[in-house]
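Reader: I should like to work through this structure by question and answer. May we begin with the terms and then turn to the residues themselves?

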Amino acid sequence: MTADTTNPETIVLHGGYRNDPVTGAVAVPIYQTTSYQFNDAQHAENLFALKELGNIYTRIMNPTADVLEQRLAALEGGVAALALGSGQAASMYAVMNLCRSGDNFVSSTDLYGGTWNLFANTLKDFGVEARFVDPADPENFAKATDDRTRCYYAETLPNPKLNVFPIKEVADIGRGLGVPLIMDNTACPIICRPFDHGAAVVMYSTTKYLGGHGTSIGGMLVDGGNFDWEAHKERFPTLNEPDPSYHGAVWTEAVKPLGPIAFILRARVVLLRDVGAAPSPFNSFQTIQGLETLPLRMRAHCENAVKVADYLAGHDKVQTVIYPNQQDGEMRRRADAYMNGGYGALVGFELAGGKEAGAAFINSLNMFYHVANIGDARSLAIHPATTTHSQLSAEEQEQTGVTPGYVRLSIGIEHIDDIIADLDQALAAT
Ligand code: PLP
């Protein structure tokens, strides 16, 4: 069985692989090889001409990564996926697969700082303009769109504000104008499936929840196969014009015998071939091990996080708790509309005592790790004012939603009593 089911608990264990055809191995093998022996000259010619899909070289494809890709595509309800060396590579490839110099894309302002830097500075240097808009009003995406707009980009559950993105509202606007929505779903796998709400491409840093162990950096793109790139030929020259690097292939034409995979096929055979941010087979193996328990872990993460949010809300040293269950109005409506089975494991809070209190809290933690990461099975904490945001002015910090007393927690799957006990004693020290 290769998981002919939509149940995530089964897909993560059985999707895309039964056993190794030669040895019978049940665990997915680590195919630690750079290259693959061709059967004969005809076979090699077919592979290079994309008449037949198969393994050529690990920079472009690998059987261990392939199982991970199939599992992610099935989990998301997409048609194909591409594993990459990091989440950063995945967001870079997502945009560069559609944008050329002189083009633009519209991005939510609520982004991971690394993505912000990539979009605001590095892509700008390559002549690609990110137009940042506030997702509080979905219409801002329409207003920023013109003929050279190639995609919309946003995070489902961006921290620190934890305002869930209006996926359907913006996807609908984009579909009306012929613009696909790319969603970074890193913070809420399983509990949100952006394709169900109209997104065209889903992106992940697999470094976080998907891996869960905190051992391996990785990224993933999933193609929803639900966007008609040919219906908007002028908007997507990379997919509809002859590709000189591939003997004039037009990707929307070339994929016809293979299914609606133009986006992901080009990302693989052009971007990955040329830029080469391939994951190591060992890291793909590690991520597969983590993925096996993702549905269980997400359940435990969410159950613990809601208890932490409630605990913090009742603590006299805590000024504000940032967690969807503490929100009301439109933001709560969005959280309920797009998240199913929990609100994720990120919890923010503001200490009344400001920067000193934040630093004292961090210095007093015993079990929580003080790290620049999220989505580990272990509980993690960071105080942006003394780390990621320390170089920003007070005004800039405020704009990003970070105040001097703000602390971000990534709640793990330890026993809830131990999590609360550590928070309790650290809060007492502030
Ligand atoms: N997207 C989000 C939401 C992230 O939190 C991160 C990393 O923190 C990334 C993308 C980048 O991923 P990576 O660190 O795997 O390159």
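Author: Let us begin with a definition: Ala, Val, Leu, Ile, Met, Phe, Trp, Tyr, Cys and Pro count as nonpolar, Asp, Glu, Lys and Arg as charged, and the others, Gly among them, as polar. Please note also that this is a predicted model.

Reader: How do the residues of the shell around the ligand divide into nonpolar, polar and charged?

Author: The ligand is surrounded by 13 residues, and the closest are Q88, D184, S205, T207 and K208. Sorted by the classes just defined, the shell holds 3 nonpolar, 7 polar and 3 charged residues.

Reader: Which residue has a side-chain N or O atom 2.7 Å from a nitrogen atom of the ligand?

Author: A polar contact requires a pair of N or O atoms within 3.5 Å. An oxygen atom of the ligand lies 2.8 Å from a side-chain N or O atom of S205, and an oxygen atom of the ligand lies 2.9 Å from a polar backbone atom of G87. For the nitrogen atom of the ligand, the partner at 2.7 Å is in the side chain of D184.

Reader: What percentage of the area that the ligand exposes when taken alone does the protein bury?

Author: The ligand sits in the largest pocket. Taken alone, the ligand exposes 390 Å². Of that area, the protein buries 90%.

Reader: Is the peptide bond from N159 to P160 cis or trans?

Author: N159 lies in the loop between β4 (149–155) and α7 (167–177), and P160 belongs to the loop between β4 and α7 as well. Most peptide bonds are trans. The bond from N159 to P160, however, has an omega near 15° and is cis.

Reader: With which residue does the side chain of N159 make a polar contact?

Author: Leaving aside neighbours within four places in sequence, N159 is in contact with L346 and R408. The polar contact is made between side chains at 3.1 Å, and the partner of N159 is R408.

Reader: In which loop does L50 lie, and what is the phi of I190?

Author: Most residues other than glycine have a negative phi. L50 is not a glycine, yet has a positive phi of about 60°; L50 lies in the loop between α2 (41–48) and α3 (63–76). I190 lies in the loop between β5 (181–184) and β6 (201–205). Although I190 is not a glycine, its phi is positive, at about 70°.

Terms used:
Residues numbered from 1 in each chain as written. Predicted model: local features only at pLDDT ≥ 70, side-chain atom pairs only at ≥ 80, totals over all residues. Heavy atoms only, no water. Near = heavy atom within 4 Å. Polar contact = N/O pair within 3.5 Å; in protein donor to acceptor, adjacent residues only side chain to side chain. Areas by Shrake-Rupley, 256 points an atom, 1.4 Å probe, with all protein chains shown as cover. 1 Å grid on protein atoms, 1.4 Å probe; cavity = no way out; pocket = protein on both sides within 12 Å on 5 of 7 lines; lining within 4 Å. Sits in = over half its atoms within 2 Å of the grid points. Helix = DSSP H or I, 4+ residues; strand = E, 2+ residues; numbered from the N terminus. Contact = heavy atoms within 4.5 Å.
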